[in-house]
Amino acid sequence: LLAKVGPVLGLIGTLIAMSPALTGLSTGDISKMASNMQVVFATTVVGLVISLVGLVTLQFKQRWYSKEINQLDYVSSVLTKNLKQ
């Protein structure tokens, strides 16, 4: 969920903060535009960091589940083999 929601939140923050930045540009207020552009880039980075946390967590969980399934499969095959003998 984090991997999908993070970039969306970053994009929403980017688009919302872009409007005041463009307004500052159109009025010639470069300092207002620059401060709003900092917000634009910050929201994008925060969204990507959230996504990165989600992807890393997902990878760890998938590896953990895969290891558990392999162990359960091994135990099941050993028990099945012992029951047949």
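**View 1. Leu1, at the start of the chain in this predicted model, sits in the segment before helix H1 (2-27).** The model shown here and in the other views is predicted. Leu1 has a relative accessibility of 83%, and since the cut-off for exposed is over 50%, Leu1 goes down as exposed. Leu1 also belongs to a nonpolar surface patch, together with Val5, Val8, Leu9, Ile12 and Ile16. Taken together, these residues offer about 600 Å² of accessible area.

**View 2. Val8 is a patch member that lies in helix H1.** Is Val8 buried, exposed or partly exposed? Val8 comes out as partly exposed, because its relative accessibility is 44%. Look over to Thr44 as well: 36 residues separate Val8 and Thr44 along the chain, and their C-alpha atoms are 9.3 Å apart.

**View 3. Thr14, another residue of helix H1, is buried.** Its relative accessible area is 13%, and the cut-off for buried is under 20%, so Thr14 makes the list. Which residues does Thr14 touch, once those up to four places away in sequence are left out? They are Val40, Thr43 and Thr44. Val40 is itself one of the buried residues of H2.

**View 4. Gly24 is in helix H1 too, with a relative accessible area of 0%.** That value is why Gly24 counts as buried. Leaving aside residues up to four places away in sequence, Gly24 is in touch with Asp29, Lys32 and Met33. Asn36 is worth finding in this view: Gly24 and Asn36 are 12 residues apart along the chain, with 8.5 Å between their C-alpha atoms. Asn36 is buried as well, and is part of H2.

**View 5. Helix H2 covers residues 30-84, which makes 55 residues.** From its first C-alpha to its last, H2 reaches 80 Å, close to the 81 Å expected at 1.5 Å a residue. Which residues of H2 are buried? Asn36, Val40, Gly47, Ser51 and Gly54 are. As for what lies over these buried residues, the cover includes H1.

**View 6. Ser51, in helix H2, has a relative accessibility of 9%.** Ser51 therefore counts as buried. Setting aside residues up to four places away in sequence, what does Ser51 touch? Its contacts are Leu2, Ala3, Gly6 and Pro7. Now follow the chain the other way, to Lys84: Ser51 and Lys84 are 33 residues apart in sequence, and their C-alpha atoms are separated by 49 Å.

**View 7. Trp64 and Tyr65 bring their rings together in the one aromatic pair of the structure.** The ring centres of Trp64 and Tyr65 are 5.2 Å apart and the planes meet at 35°, so the pair is described as tilted. Planes under 30 degrees apart would have counted as stacked, and over 60 as edge-to-face. How accessible is Tyr65? With a relative accessible area of 43%, Tyr65 is partly exposed.

Conventions: Residues numbered from 1 in each chain as written. Predicted model: local features only at pLDDT ≥ 70, side-chain atom pairs only at ≥ 80, totals over all residues. Heavy atoms only, no water. Patch = residues over 30% accessible without salt bridge, like charges linked within 9 Å, V, L, I, M, F, W, Y side chains within 5 Å. Areas by Shrake-Rupley, 256 points an atom, 1.4 Å probe, with all protein chains shown as cover. Salt bridge = Lys/Arg side-chain N within 4 Å of Asp/Glu carboxyl O. Helix = DSSP H or I, 4+ residues; strand = E, 2+ residues; numbered from the N terminus. Buried < 20%, exposed > 50% of the residue type's maximum accessible area, 1.4 Å probe, protein only. Contact = heavy atoms within 4.5 Å. Expected span 1.5 Å × (residues − 1). Phe/Tyr/Trp six-rings, centres within 6.5 Å; stacked < 30°, edge-to-face > 60°.
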